[in-house]
Number of protein chains: 2
Amino acid sequence: MQNPESPKYQQQKLAAIRAAAAVFARKGFHGASTTDIASEMGIKQGSLYYYFKSKEEALAEVCLYGIREYVQRMEEIATSEQPFEARLLATVTSHLSSYREKNEALKVHNDERLYLPEIKRIKLKQLGSHYRELLEGIFEDGVRDGALREGLDCHFAAQSVIGICNAWGELIVRDNELDVFEVIQKVNDLLLNGFVPPKATA
Amino acid sequence: MQNPESPKYQQQKLAAIRAAAAVFARKGFHGASTTDIASEMGIKQGSLYYYFKSKEEALAEVCLYGIREYVQRMEEIATSEQPFEARLLATVTSHLSSYREKNEALKVHNDERLYLPEIKRIKLKQLGSHYRELLEGIFEDGVRDGALREGLDCHFAAQSVIGICNAWGELIVRDNELDVFEVIQKVNDLLLNGFVPPKATA
DNA sequence: TAATGATTCTATGAATCTATAGAATAGCGG
DNA sequence: CCGCTATTCTATAGATTCATAGAATCATTA
């Protein structure tokens, strides 16, 4: 076994997670074979089990890899001292940037995590809920500050923003000609200015 | 064979499409077996091939079933004489209502169509693009009328609205405790009023 | 160089899955 | 009731898949 958690092992394990992410993103969990994943990282099918106990464990690790950092970053944003508006923009930027950096893993988390057994889904669900609640808190602050209109359904708003970001993120992953920064800018613009013209302000 | 396209055949074929939709929605295309689909409609695995030439053809029919009506309805909305605002609201209502009525098929169309061979995907892609273009047209009218702010990126806006509706639609399908009409109302509210307060108007 | 442990390979068992073929049943018209 | 067709069933071939076991190779260190 890999007792010393040697650097080589760590490195190859990361390569394995990335390979699995790429293949799962392309073919889906059930459509991807262990042969596919192995050949993506240049080894043979049987060798893959040196890094994953099972195909399902590979999926679990990819999902966790996909969402972990992204929640951490959200934690930092939410607890920062910046005003509402800046935190909202930072959220969108972080969310969409995550899609660019580790795009396949995040896509896999969104689309394939439901195929994990319930026990393994719980941790991911907690992370996801945590993320949403942090964003909800930002909106609540916005309402308190008067930056957002009274009575806004913050739960709904947070869920919607996540929905927009994921929708665009999926498009970014699928069609990698999209300019991520342009998308970020336009989503931010949409959230702050809406569709209707700012009738009475500058 | 089913030469006269007998009513019973039609009826069972529809049942087959619905069963396939339900199973594909739950397990994904590759995760669903023909045994699953057959037993969902109360017949045996082999009998399924009386209705579908192949599993892949079943997917194609489910996807088409999922999106067809929904585009037709959009066509009617887009070409109606109503003002911009009413057409936008009607679009959201139609989109989300579709999710309630034939929710599994629409979910399958969104999530699994990429597993179809390219030839079969083309027709679906055309339908989807057509839908987006119609919505884009509505936004363009809105800009022309002054209901929307000058310089709004209508392509981006349309794509974003579709993204929001799909995100909520997926939630509706997954968690069927959600009140569809409440979601419709809130999405409409979001689109018209945005997050920020309507500073100078009523 | 020899030895030890890490990493990869080959080979394979057992299960599952799609699709086909032909037999069986059901239902309808005469 | 008979015959015909539509519909469903059973059985199976052939391919693919996941996971395991044990052999082989590579790298490092003594």
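**Note on the DNA contacts, ring pairs and a buried helix**

1. The side chain of A:Y50 has an N or O atom 2.4 Å from a phosphate oxygen of DNA strand C, where a polar contact is a pair of N or O atoms within 3.5 Å, and where, within protein, one must be able to donate a hydrogen and the other to accept it, residues adjacent in sequence counting only if both atoms are side-chain atoms. For A:S47 the corresponding distance from a side-chain N or O atom to a phosphate oxygen of DNA strand C is 2.8 Å, and for B:Y49 it is 2.7 Å.

2. Please keep in mind that this is a predicted model, in which local features need pLDDT of at least 70 and side-chain atom pairs count only at pLDDT 80 or more, while totals for chains, interfaces and linings use all residues. Residues are numbered from 1 along each chain as its sequence is written, chains are lettered from A and ligands numbered from 1 in the order in which they are written, and side-chain values use heavy atoms, with hydrogens and water left out.

3. Which residues come nearest to DNA strand C? Of the 22 residues around the strand, these are A:K44, A:Y50, A:Y51, B:T34 and B:Y49, a residue being near a strand if one of its heavy atoms lies within 4 Å of it. The surface near DNA strand C has eight nonpolar, 11 polar and three charged residues; here Ala, Val, Leu, Ile, Met, Phe, Trp, Tyr, Cys and Pro count as nonpolar, Asp, Glu, Lys and Arg as charged, and the others, Gly among them, as polar. On the DNA side, 72% of the strand C atoms within 4 Å of the protein belong to sugar or phosphate, and the rest to bases. The element that gives the most to this surface is α1(A), with three residues, helices being DSSP runs (H or I, at least four residues) numbered from the N terminus.

4. Over all chains there are 14 aromatic pairs, meaning that rings of Phe, Tyr and Trp (its six-membered ring) have centres within 6.5 Å, with planes under 30 degrees apart counted as stacked, over 60 as edge-to-face and the rest as tilted. One of them is the stacked pair of A:Y9 and A:Y51, at 5.2 Å centre to centre and 25 degrees between the planes. Because A:Y9 lies in helix α1 of chain A and A:Y51 in the loop between α2 and α3 of chain A, the pair ties together parts that are 42 residues apart in sequence. Ring pairs also link A:Y9, A:Y50 and A:Y51 into a cluster.

5. A:Y9 is buried, with a relative accessible area of 8% (buried means under 20%, exposed over 50%, partly exposed in between, with a 1.4 Å probe and protein chains only), and A:Y51 is buried at 11%. The rings of A:F156 and B:W168 are stacked, with centres 4.8 Å apart and planes at 15 degrees. Since A:F156 lies in helix α7 of chain A and B:W168 in helix α7 of chain B, this pair joins two chains; both A:F156 and B:W168 are buried.

6. How much of helix α5 (residues 103–112) of chain B is buried? Eight of its 10 residues are, so the helix is largely enclosed by the rest of the structure. Its buried residues include B:K107, B:H109 and B:E112, and what covers the buried residues of α5(B) includes α1, α3, α4, α6 and α7 of chain B.

Technical notes: Contact means heavy atoms within 4.5 Å.
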